[in-house]
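This report looks at how one chain is built and how it meets its partner. The structure is shown below.

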Amino acid sequence: MRYPKRTGRLSVPGRKARLATAAMLAATTLAACGGQDGSAPKAPATIPELTKDPLTLSFIWFDWPPAHALEAFANAEYAKLRPNVTIKVKTVPNANWHDAMFTQFAAHKTDFDIPILDSQHIGEAVTNGNILDITDFVKKNIDVKAYNPYLLAAYGQFPQAETGKRDENASLYGLPLLGDTWTMIYRKDLIGDKPPQTWDEMISVAEKCQADNPGVSGLAFHQANGSDAAAVTYNTVNGVYGGNLWDPKTRKIDGVLNDAAGQEAMDVLVNKMKPLTAKGSGNWFIDEVNAAVAQGKACIAFNWIAASGGLLDPKQSTLGTTREQILDKLGFATLPAQKTNLVPLGGMGMHVSAYSPEANQAEALNFMKWFEQGDIQKKWAAAGGVPSRTDALESPEFLDAAPFNQVYTDSVPRMRDMWNVPEYARLVDIENTNVNAALNGAKAPKAALDDIAKQQQAVLNAGSGKGGGGL
Amino acid sequence: MSDSAPLTTDHPGQVASATPPAPGRSSRLSDRGLAVAFTSPALLLLLAMSVFPLLWALYLSFTDYSATRGGTAQFLWFENYTAILTSPQVHQRALTTLIYVAGAVTLQTVLGFTIAYLISRRTHGRGLLTTLFLVPMMLSPVVVGLFWRFMLDAQFGVINSMLGSLGLGQVEWLTRQRTALISLILVDTWQWTPFIMLIALAGLTAVPKYLYEAAAIDRASQWFQFRTITLPLVWPLLLIAVLFRAIEAFRLFDLVYILTSGGPGVSTETLSFHVYKVAFLGFNTGTASAYGILMVLVVIVLTQLYLRYLNKLKED
């Protein structure tokens, strides 16, 4: 027989091969599990010497008009200063944005140099050591007095600043890229030129408009359970009715979020606002709300300012054949107040990936310094961006660029953010799914709010140091 | 006329012997060595891409490791497994998955077999019909999810528009608890019924014609022929198709992600979707690994039970 059956001990090469395989598995396991210290590395205070070789500076963002505007603007303007640099803004669907960045962070290798993080992602990125600490760089290169302190804090500070303030002793990990907040979009031809001033008034105006105009719903707002859609909606109403998301000092959510003010906000949202929305709008987010406004199907809508540009495009609207005709029918206003005048803080900051090559990190710092200059911020505003420097926010370049820009400038002192703790992704998912369940009749409003408070508290109590739990 | 050249030599063996003998095979490249050399790339790939991740996931499932938070992984032994098996959230997702699997696979089996039976009885255009029915199966689930999302939109979707033209009211296909799960089942059925149909058609085509001829001579009714000839012969093949579909449906992720994101609330969150959230929203890698291992175990156990039943069927 040519190949006799093997019996007994393995041949020496066979044993060696098995030992080598086992060693390889063990080594790979150790390599995969180890090697993280969890603290954010520091960026130098002075920008290192920049390369003269061709270099591509990569951003990562989600796919929406400001991402494309940034790439076009940066390639046109930054290239004047650094002709060897090409700017590439990589985009992913909104729902994949967090995962696209943090799975690469987890691999300790990123194909981007500047992650554009939501303000609430900062805690997770900082505690994992994924982005550079740019405190010293900011001190030396950025005129911090040119900003509303809370804007500077919201897009860069960790631990999180108190609402409306900035802790000058806290570390900074990012700089503002795009400011944003909600605007109220209303049909001037249906409800009049003067926007409602209080939340209660807004609801009654929407109710009357819906009754008077069959086929047009009173309200349109974000209700989806993806991204932070439904969560931002509830948090906005919560703020307006005097509620709080948590007590940051004691890290208490249960008993704070679902207190009387929180319950009232949930009641207003589910029982007064939801009945004024279109049937089947329970999964609406930015695009769907814009579509409803553009098709003349909503009396009053709420959307992010940075995503509202398309509403003025006659090709996408049935409200008019020119921008002027559309503006005869659409008005933009700051959110109505009720017990408070808080509005949600949106927008994103620029950060530097800790895993980028040194030449790219240096270029990223140089880009940030360039971008935060007064004249560049005004140019960014003229190109369709929402700047953060006060001088740019008050400049004609910004205020005349779009009818909703004044809304942003007026809203800056009224902003409130969510939590930017490392557990943010789980907190927002809990809130999204439960608010979405309440809005779509899958859960009673009170039960949904109590569940949010209980589940979020459990997440905070479990802490972020371990990878067990998480159900 | 010149002499023709001899066609053969007197000593043909000499010609052959002029060529040097083939070199002997190197002692270092034995048949076994050659076999190892050819198979090792595939084996190494399998080891790196399948075996190692599985073993690593198994190891991580006993720890509190987090892919992003780093630090040393602490051994929790069976804590993650206990947490998953006793979690009401997991029980809820398991029930959703069970309803989904049972609903989708039953519907697909009934429809798939019916279509295959009808096609098998046709003599003309069978190939064209089969090809047309297979089109949905060839599409990416993400593409299918996206266009069904548009079609099922309560305000702008073509389905509600058609219902409206028939005088029926609007249906909130994707935003109500019951209709959202039904929508998922219907979309999955639209895409995967052709798979069952294809397997059933292969089984139906393989049934010997003489059995039907003999039955016809005995004046057996169509129903009697179907019940005693067609179904028993096609049944084992159909069961294999059902097994494949059940496994696929059990790990459904893409359609949920695109169509409902698990909503409203978490009412259409399947086990796979929940694992994704545990793994990538909280980066609870240890728990997610244990969750994944448990899902693999469930599939293995169910498959074994199923295969035993199939073997028993064959023996009978």
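The sections that follow take up the fold of chain B, its overall dimensions and packing, and then its contact with chain A.

## Fold of chain B

The model is a predicted one, and within it chain B contains 13 helices and zero strands. Followed along the sequence, the elements of chain B accordingly read α-α-α-α-α-α-α-α-α-α-α-α-α.

## Dimensions and packing of chain B

For a compact globule of 316 residues a radius of gyration near 20 Å would be expected, whereas the value computed for chain B is 30 Å. The C-alpha trace of chain B extends over about 105 × 75 × 45 Å when it is laid along its principal axes.

Of the 316 residues in chain B, 31% are buried. When the contacts in chain B with a separation of 6 or more are considered, 71% of them join residues that lie 24 or more positions apart.

## Contact between chain A and chain B

The contact between the two chains draws on 41 residues from chain A and 48 residues from chain B. On the side of chain A that touches chain B, at least two residues are supplied by each of helix H1 (12-33), helix H3 (97-106) and helix H18 (424-439) of chain A. The largest share of this side, seven residues, is contributed by H18(A).

Sorted by class, the side of chain A that touches chain B is made up of 23 polar, 12 nonpolar and six charged residues.

Key:
Residues are numbered from 1 along each chain as its sequence is written. Chains are lettered from A and ligands numbered from 1 in the order in which they are written. This is a predicted model: local features need pLDDT of at least 70, side-chain atom pairs count only at pLDDT 80 or more; totals for chains, interfaces and linings use all residues. Two residues are in contact if their C-beta atoms, placed from the backbone, lie within 7 Å. Helices (H or I, at least four residues) and strands (E, at least two) are DSSP runs, numbered from the N terminus. Ala, Val, Leu, Ile, Met, Phe, Trp, Tyr, Cys and Pro count as nonpolar, Asp, Glu, Lys and Arg as charged, and the others, Gly among them, as polar. The radius of gyration is taken over C-alpha atoms; the globule rule is 2.2 Å times the number of residues to the power 0.38. A residue is buried if 20 or more other C-beta atoms lie within 10 Å of its own, exposed if 12 or fewer, and partly exposed in between; C-beta atoms are placed from the backbone.
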